[in-house]
Amino acid sequence: MQVDVSKEGDIVVVVVQGELDANTAPDLRAKFEELIGQGKNQYVIDLAGVPVMDSPGIAALVNLFKRVRIGAGDVKLCGIREEIMEIFQLTRLDRVFDIFDNRADAVASF
Amino acid sequence: MNAEDRLIIDSQPEALAKARDWLADRASRAGFPPDTVSDLKLALTEAVSNVMLHAYGGQPGHQIILSLVTDDQALTLTIRDFGRPFDASHYQTPDLSEPQEGGYGIFLIHSLMDEVRYDTSSGAGTTLTLVKGRANNPSTGSGSGP
């Protein structure tokens, strides 16, 4: 799994590529921890390059969501593949996260 | 036609991808469609992750045996471990009204598979059986609770 971070104004764009599972989710959580430590609280997570995600991957996203929503922050998701969207639908997290087709729309939503 | 296959992996998270690839290859070759293969990969990942974390306490160096049988009705995957037996009485369905950081694994397995069975009668570990019927020949089960 590869995680690339860039910034668009105050918004942190995190592009995840590769399988996000129990093996790799700790790396994503560590990256989120680093960014939260820098005071960042507005995130777009681009999951277009993620073909596999399991519950530890979900947990990493929910952890970030809960922490930034304590303040004025938010987490928007984009590019979720059809096979991954099923997980969000089953867990009803599609009603929790704002989900966009592409990165530009997610960034513009802030 | 029946086909049997087996893969033995170690209880370390790095083995998850190998297990997924193995299952996806066999299921695809057996004629299961891509969306079903995705469901199977996720269910396997959740199940094996649970074994690694809960049966073996997150410790590598323990054996997990995956066995696969496909026929014209269904795909049957068994996941055998020799760690702490699974205790279904401790399972609680996650509260879907609030985002959770845990507890989705078993829920997802039951949501995605047609039949889920746990067997701890051997006294050493658990045999988890997952059944996914072919779309035109669904299995008799329907994602019942543990």
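This is a guided tour of a predicted model with chains A and B, going from the whole chains to their helices, their contact and the nonpolar core.

**Chain A as a whole**

Begin by selecting chain A and colouring it by secondary structure, which comes to four helices and five strands. Followed from the N terminus on, the elements run β-β-α-β-α-β-α-β-α. The radius of gyration of chain A is 12 Å, close to the 13 Å that the globule rule gives for 110 residues, so chain A is as compact as a globular protein of that length. Its C-alpha trace spans about 30 × 25 × 25 Å along the principal axes, and 42% of the 110 residues count as buried. If you draw a contact map and keep the contacts with a separation of 6 or more, 70% of those in chain A come from residues 24 or more positions apart.

**Chain B as a whole**

Now switch the selection to chain B, where the secondary structure comes to three helices and five strands, arranged from the N terminus on as β-α-α-β-β-α-β-β. A compact globule of 146 residues would have a radius of gyration near 15 Å, and the 15 Å of chain B agrees with this. Along its principal axes the C-alpha trace of chain B spans about 40 × 40 × 30 Å, while buried residues make up 38% of the 146 residues. On the contact map of chain B, residues 24 or more positions apart account for 68% of the contacts with a separation of 6 or more.

**Helices α1 and α2 of chain B**

Select residues 15-29 and 34-55 of chain B, which are helices α1 and α2, and look along their axes, which come within 9 Å and cross at roughly 145°. The crossing in which α1(B) passes α2(B) is right-handed. With side chains shown, you will find B:L16, B:A19, B:R20, B:L23, B:A24, B:A27 and B:S28 on the α1(B) side, meeting B:V37, B:L40, B:K41, B:L44, B:T45, B:V48 and B:S49 on the α2(B) side. Sorted by class, the residues of this contact are nine nonpolar, three polar and two charged. As you step along either helix, bear in mind that an α-helix has 3.6 residues a turn, so residues three or four places apart point the same way.

**From α2 to α3 of chain B**

Keep α2(B) and add α3(B); the axes of α2(B) and α3(B) come within 9 Å and cross at roughly 145°, and the crossing of α2(B) and α3(B) is left-handed. Here B:D39, B:L42, B:A43, B:E46, B:A47, B:S49 and B:N50 of α2(B) meet B:G105, B:L108, B:I109 and B:L112 of α3(B). This contact of α2(B) with α3(B) has six nonpolar, three polar and two charged residues.

Next, isolate α3(B) itself: eight of its nine residues are buried, so α3(B) is largely enclosed by the rest of the structure. The buried residues of α3(B) include B:Y104, B:F107 and B:H110. To see what surrounds them, display α2 and α3 (82-90) of chain A together with α2, β4 (115-119) and β5 (127-133) of chain B, against which the buried residues of α3(B) pack.

**Where the chains meet**

Now show both chains and select their contact, which takes 21 residues from chain B and 21 residues from chain A. On the side of chain B that touches chain A, α1, α2 and α3 (104-112) each supply at least two residues, and α2(B) gives the most, with seven. The residues of that side of chain B divide into eight nonpolar, seven polar and six charged.

For a single residue at this point of the tour, pick A:D54, in the loop between β3 (42-49) and α2 (55-69) of chain A. Is A:D54 buried or exposed? A:D54 counts as buried because it has 29 C-beta neighbours inside 10 Å. Leaving aside residues up to four places away in sequence, A:D54 touches A:D21, A:A22, B:L42, B:T45, B:E46 and B:S49. The C-alpha atoms of A:D54 and A:I84 are separated by 8.7 Å, with these positions 30 residues apart along the chain.

**The nonpolar core**

Finish with the largest nonpolar core, which has 66 residues, and in which A:I45, B:A43, B:A47, B:I109 and B:L130 have the most contacts. The element that gives the most to this core is α2(B), with ten residues. Centre the view on B:A47, which touches B:I79, B:I109, B:L128 and B:L130, again not counting residues up to four places away in sequence.

Terms used:
Residues numbered from 1 in each chain as written. Chains lettered and ligands numbered in written order. Predicted model: local features only at pLDDT ≥ 70, side-chain atom pairs only at ≥ 80, totals over all residues. Axes fitted to C-alpha atoms, helices over the stretch in contact; angles between N-to-C directions. Left-handed = near helix turned anticlockwise from the far one by under 90°. Contact = placed C-beta atoms within 7 Å. Nonpolar A, V, L, I, M, F, W, Y, C, P; charged D, E, K, R; others polar. Core = buried A, V, L, I, M, F, W, Y, C linked by C-beta atoms within 7 Å. Buried ≥ 20, exposed ≤ 12 C-beta atoms within 10 Å, placed from the backbone. Rg over C-alpha atoms; globule rule 2.2 N^0.38 Å.
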